[in-house]
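Here are some notes to read with the model open beside you. Take them one point at a time, and find each residue as you go.

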Amino acid sequence: MGKLRLVSLTVVIGVVLDQLSKLYIDSHFKLYESVTVLENFFHITYIRNRGAAFGILSDSPLRLPFFIFVTLVAIVGILWYLRQMQAGQKLSQLALGLILSGAIGNLIDRVRFGEVVDFIDVHWYSHHWPAFNVADSAICIGVGLLLFDSWRTERLIRQTREETSDSQG
């Protein structure tokens, strides 16, 4: 039960932050309105994204059922993976909780609006990265933590093998 507590708390906090931030943007900004936070680097810009990252599939008539299906499959996969984890794998549990919260946050938008609310606009002068949101950030941070934890675990396994080999030889 311990591993579910961390994941559940992470998911609840992540989804609440994501949805509250989107609610604020939707109720206080007009579509395409932009406010400078850091000149030539960071704006809050309200947009709606019908597609995936970089607007992929935004004009496809199958986009909504496709994205909902893929998200549900990902959620099931994450839950399955969590069941396989050991209770001590806290960093991976946190990572999967972040990924799950991001997936759920964007799924809520797709079901409610048929598109996702994005507003974080990072750029270098006129060179813009596609706008994103708290859910997207949670997914990216979660993936990064999961990769780091996998690397760290593999490194520990390799060190243990080397130490065992050295002590036997």
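The numbered points below go through the pocket, the surface, the salt bridges and a few single residues.

1. Before you start, please keep in mind that this is a predicted model. Every value in this note was computed from that model.

2. Let's begin with the largest pocket, which has a volume of about 630 Å³. It is lined by 25 residues, and the closest to its centre are Ala52, Ala53, Asn106, Asp136 and Ile139. If you select those five, you will have a good starting place for looking around the pocket.

3. Which elements give two or more residues to the lining of the largest pocket? There are helices and strands on the list: helix H2 (63-84), helix H3 (90-113) and helix H4 (134-168), together with strand S2 (42-49) and strand S3 (116-124). Try colouring each of these elements in turn to see where the lining comes from.

4. What is the lining like by class? It has 17 nonpolar residues, 5 polar ones and 3 charged ones.

5. Now turn to the surface, where Ile56, Leu57, Phe66, Phe69, Val70 and Val73 form a nonpolar patch. Together these residues have about 550 Å² of accessible area. One of them, valine 73, sits in helix H2. Its relative accessible area is 44%, so valine 73 is classed as partly exposed, between the limits of 20% and 50%.

6. Salt bridges come next. Side chains of opposite charge can pair when their charged atoms come close. The count for this model comes to 5 salt bridges, and the next points look at some of them.

7. In helix H1, the side chains of lysine 22 and aspartate 18 meet in a salt bridge, at 2.9 Å from N to O. Both residues belong to helix H1 and are 4 residues apart, about one turn of the helix. Are these two buried or exposed? Lysine 22 has a relative accessibility of 3% and counts as buried, while aspartate 18, at 0%, also counts as buried. The pair is part of a network of salt bridges that links Asp18, Lys22 and Asp109.

8. A second pair is made by glutamate 115 and arginine 48, whose side chains meet in a salt bridge of 3.1 Å, N to O. Glutamate 115 is in the loop between H3 and S3 and arginine 48 is in strand S2, so this pair ties together parts that are 67 residues apart in sequence. Glutamate 115 counts as buried, at 16% relative accessibility, whereas arginine 48 counts as partly exposed, at 22%. The cut-off for buried is under 20%, which is why these two residues get separate labels.

9. Helix H4 holds a pair of its own: the side chains of aspartate 149 and arginine 152 meet in a salt bridge at 2.6 Å, N to O. The two residues both lie in helix H4, 3 residues apart, about one turn of the helix. Aspartate 149 is buried, with a relative accessible area of 4%, and arginine 152 counts as partly exposed, at 34%.

10. Please look at the backbone of two tyrosines as well. Tyrosine 32 has a positive phi of about 75° although it is not a glycine. It lies in the loop between helix H1 (2-28) and strand S1 (34-38), and it is exposed, with a relative accessible area of 59%. Tyrosine 125 also has a positive phi, near 55°. This tyrosine is in the loop between S3 and strand S4 (127-128), and it is partly exposed, with a relative accessible area of 48%.

11. Finally, how do distances along the chain and in space go together? Glutamate 154, a partly exposed residue at 36% relative accessibility, lies in helix H4. It is 18 residues from aspartate 136 in sequence and 27 Å from it in space, C-alpha to C-alpha. Lysine 90 is in helix H3 and counts as partly exposed, at 43% relative accessibility. The C-alpha atoms of lysine 90 and leucine 4 are separated by 10 Å, with their positions 86 residues apart along the chain. Drawing both distances in your viewer will help you see this.

Note on methods: Residues are numbered from 1 along each chain as its sequence is written. This is a predicted model: local features need pLDDT of at least 70, side-chain atom pairs count only at pLDDT 80 or more; totals for chains, interfaces and linings use all residues. Side-chain values use heavy atoms; hydrogens and water are left out. On a 1 Å grid over the protein atoms alone, a cavity is a set of points where a 1.4 Å probe fits but cannot get out, and a pocket is an open set with protein on both sides within 12 Å along at least five of seven lines; lining residues have an atom within 4 Å of a point. Grid points are joined across faces, edges and corners, and a volume is the space filled by probe spheres set on the points. Ala, Val, Leu, Ile, Met, Phe, Trp, Tyr, Cys and Pro count as nonpolar, Asp, Glu, Lys and Arg as charged, and the others, Gly among them, as polar. Patches are made of residues with over 30% relative accessible area and no salt bridge: like charges are joined within 9 Å, nonpolar side chains (Val, Leu, Ile, Met, Phe, Trp, Tyr) within 5 Å. Accessible areas come from the Shrake-Rupley method with a 1.4 Å probe; for residues, only the protein chains shown count as cover. A salt bridge is a side-chain nitrogen of Lys or Arg within 4 Å of a carboxyl oxygen of Asp or Glu. Buried means under 20% relative accessible area, exposed over 50%, partly exposed in between (1.4 Å probe, protein chains only).
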